[in-house]
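Student: Could you take a close look with me at the empty space inside this protein, and then set it in the context of the whole chain?

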Amino acid sequence: MTATLKERTVLVIGRPGGIARAITVAVRDAGGSVVAAGRDAAALADAYDDPGIVPESVDVTDEASVTALAERLGGVDHVVSTASARARGAVGDLDPDVVTLSLRTKAVGAILLAKHFASRMPADGSFLFFSGATAVKPAAGMLAVAATNGAVDAVIRSLSVELAPIRVNAISPGTVDSGAYDALGAERKAALFATRGAANPARRVGTPQDVADAAVFALTNTFLTGVSLGIDGGEPLV
């Protein structure tokens with residue numbers, strides 16, 4: 001059965017751009033009210049000029065911050081977290097603190113959100129977290145990212161059983177032009193995208209809208225739980 005987002009409140013955690021922005025807009029377009037939360041509430045307020053999108057502040061690595069947000073909001077119908085921390089690098093170069101922050105942001109952050117919001121959600125509510133294709137397709141220099149994404153996949157399966165009937169899912173993106181690769185510079189980014197787009201079965205890289213469409217599906221399909229949706233163009237297959 002497919003539910004609706006009309007007159008539902010969805011908490012979307014992330015930066016005011018890329019995938020988080022696409023999901024926020026998609027939920028709003030589907031009739032939902034959005035609380036857009038992140039570390040920089042002022043930036044979120046500047047990014048969204050819409051009475052249906054309310055900016056809030058939260059740090060998912062800080063339990064007191066998550067608790068305070070839950071208490072301020074009182075309750076929501078769905079929670080989406082796109083929060084992540086950069087942790088790329090070869091094993092010999094990895095700083096343990098960087099690895100720990102990655103895990104605290106995506107995996108422990110998911111647990112904290114479930115801990116403090118599940119009791120405030122309706123039985124037909126859901127959580128949607130973010131894993132990634134590296135969980136199933138290892139690559140050199142991506143050890144900490146892969147470990148973090150694998151942890152998220154384990155967390156959502158366990159939470160889906162413990163919190164039932166509240167649903168818990170993840171989206172596992174492949175290469176998406178979300179802004180995450182902009183630091184490479186235009187030329188290197190274009191070359192990387194051309195290579196990956198030519199190699200995967202979809203023959204292109206993803207867009208934030210691809211991910212947002214999947215997010216709306218995950219939030220509204222009431223028979224979907226404990227699943228990590230691969231929105232990756234078939235990238236792990238090659």
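Student: Which element gives the most to the lining of the largest cavity, and with how many residues?

Tutor: Happy to! The model is predicted, so to speak of local features we need a pLDDT of at least 70, and side-chain atom pairs count only at pLDDT 80 or more, while totals for chains, interfaces and linings use all residues. Residues are numbered from 1 along each chain as its sequence is written, and side-chain values use heavy atoms, with hydrogens and water left out.

The element you want is α4, which gives five residues to the lining of the largest cavity. Helices here are DSSP runs of H or I with at least four residues, strands are runs of E with at least two, and both are numbered from the N terminus. Rolling a probe the size of a water molecule over the atoms shows where empty space is left. On a 1 Å grid over the protein atoms alone, a cavity is a set of points where a 1.4 Å probe fits but cannot get out; a pocket is an open set with protein on both sides within 12 Å along at least five of seven lines; and lining residues have an atom within 4 Å of a point. Grid points are joined across faces, edges and corners, and a volume is the space filled by probe spheres set on the points.

By this rule there is one cavity of 30 Å³ or more, and the largest cavity holds about 50 Å³ of space. Its lining is made up of S81, A83, T105, K106, G109, A110, L113, F129 and F130. Two elements, α4 (96-117) and β5 (126-130), give two or more residues each to this lining. By class, the lining has five nonpolar residues, three polar and one charged; Ala, Val, Leu, Ile, Met, Phe, Trp, Tyr, Cys and Pro count as nonpolar, Asp, Glu, Lys and Arg as charged, and the others, Gly among them, as polar.

Let's stay with α4 a little longer. L101 is found in this helix and is partly exposed, with a relative accessible area of 34% (buried means under 20%, exposed over 50%, and partly exposed in between, with a 1.4 Å probe and protein chains only). Leaving aside residues up to four places away in sequence, L101 touches T61 and A85, where contact means heavy atoms within 4.5 Å. The C-alpha atoms of L101 and A87 are separated by 8.2 Å, with their positions 14 residues apart along the chain.

Now for the open spaces. The largest pocket has a volume of about 1,200 Å³. Its lining counts 42 residues, and R88, V145, G174, A180 and Y181 lie nearest its centre. Helix α4 appears here too: α1 (18-29), α4, α5 (143-162) and α6 (186-199) each supply at least two lining residues. The classes in this lining are 19 nonpolar, 16 polar and seven charged. A180 sits in the loop between β6 (167-173) and α6, and it is partly exposed at 41% relative accessible area. In sequence A180 and I19 are 161 residues apart, yet their C-alpha atoms are 9.8 Å apart in space.

The second largest pocket has a volume of about 330 Å³. Of its 20 lining residues, R15, G38, R39, A83 and S84 are the closest to its centre. A83 also belongs to the lining of the largest cavity. β2 (33-38), α2 (41-47) and, once again, α4 each supply at least two residues of this pocket's lining, which has 10 nonpolar, six polar and four charged residues.

Stepping back to the whole chain, there are seven helices and seven strands, running β-α-β-α-β-α-β-α-β-α-β-α-α-β from the N terminus on. For 238 residues a compact globule would have a radius of gyration near 18 Å, and this chain, with 17 Å, agrees; the radius is taken over C-alpha atoms, and the globule rule is 2.2 Å times the number of residues to the power 0.38. Buried residues make up 47% of the 238. Among contacts with a separation of 6 or more, 70% are between residues 24 or more positions apart.

One backbone detail is also worth a look on your screen. A cis peptide bond joins A164 and P165, with omega about 10°, and P165 lies in the loop between α5 and β6.
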